[in-house]
Amino acid sequence: MTYAVKECFLTLQGEGVQAGSRAVFLRFAGCNLWSGREQDRAQAQCRFCDTDFVGTDGINGGKFRTAAALADVVEDVWAGGPDRRLVVITGGEPMLQLDPPLIDALHGRGFRVAVESNGTLSAVAGIDWLCVSPKAGTKVVQRSGDELKLVWPQAGIDPQALEGWDFPHLLVQPMDGPENAVEAAIALAMERPRWRLSLQAHKVVGLA
Ligand code: SF4
């Protein structure tokens, strides 16, 4: 298969349980909940996206014909030794393109494979760390993983219902934009102790 990659860069993971970890971010192009075009946002299933996942024109972006070719880029971008190699595969929606050959190729280069998904597509086998971030009004089929990240507030989502899903870590993260989002996220974490506050540290410190 050909992989369409928006960008691939080295940074620190800014969110969630692994915040602060050195990681290669591999961002696939495309999402199944929004076209990525502003003129379509009001009609999209997901309307609060803060990410540009359209096209293949970002740093190290492009179309890759093989898993090995793409894994080579990830390894080059890591530009470090064999210790604690971590790649975070995101999008867009990575499950549209991620497949076992790519996971195998990354494992073969010593990477732990973390994935950030909206959960509307089933996860492929072999992922080392799966973060699912549900969006209101969508059918989430992937109800197990390592980390459930709830962007908050979202009308139409009941956090109590999500507590029945199979995730050891429940994180609530303020939505980027609404004025009351931080307060709402803090209030949820205070009311329901299984939820922990996650902040987008990369935005605070000015990382990509
Ligand atoms: S599901 Fe994720 S990538 Fe897709 S539009 Fe929503 S926030 Fe953006």
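**Briefing: ligand shell, helix H1 and overall fold**

In this predicted model, the ligand is surrounded by Cys31, Leu33, Trp34, Cys46, Cys49, Thr51, Phe53, Gly91, Gly92, Glu93, Asn118 and Lys135. By residue class, this shell comprises 6 nonpolar, 4 polar and 2 charged residues. The protein chain that provides the setting contains 5 helices and 9 strands.

**Helix H1**

- Helix H1 covers residues 67-78, and its 12 residues should span 16 Å at 1.5 Å a residue; the end C-alpha atoms lie 17 Å apart, in agreement with that expectation.
- Ala67, Leu70, Ala71 and Val74 are the buried residues of H1.
- These buried residues lie on the same side of H1, because the arc they cover around the axis is only 100°.
- The cover over the buried residues of H1 includes strands E1 (3-12), E2 (22-28), E3 (62-64) and E4 (86-90), together with helix H2 (100-108).
- Ala79 follows H1 and has a positive phi, near 50°.

**Chain architecture**

- Along the sequence, the order of elements in the protein chain is β-β-β-α-β-α-β-β-β-α-β-α-β-α.
- Of contacts between residues at least 6 apart in sequence, 55% link residues at least 24 apart.

**Overall dimensions and burial**

- For 208 residues, a compact globule would have a radius of gyration near 17 Å, and the value for the protein chain, 17 Å, agrees.
- Along the principal axes, the C-alpha atoms fill a box of roughly 45 × 40 × 35 Å.
- Buried residues make up 33% of the 208 in the protein chain.

Notes
Residues numbered from 1 in each chain as written. Predicted model: local features only at pLDDT ≥ 70, side-chain atom pairs only at ≥ 80, totals over all residues. Near = placed C-beta within 6 Å. Nonpolar A, V, L, I, M, F, W, Y, C, P; charged D, E, K, R; others polar. Helix = DSSP H or I, 4+ residues; strand = E, 2+ residues; numbered from the N terminus. Expected span 1.5 Å × (residues − 1). Buried ≥ 20, exposed ≤ 12 C-beta atoms within 10 Å, placed from the backbone. Arc of directions from axis to C-beta. Contact = placed C-beta atoms within 7 Å. Rg over C-alpha atoms; globule rule 2.2 N^0.38 Å.
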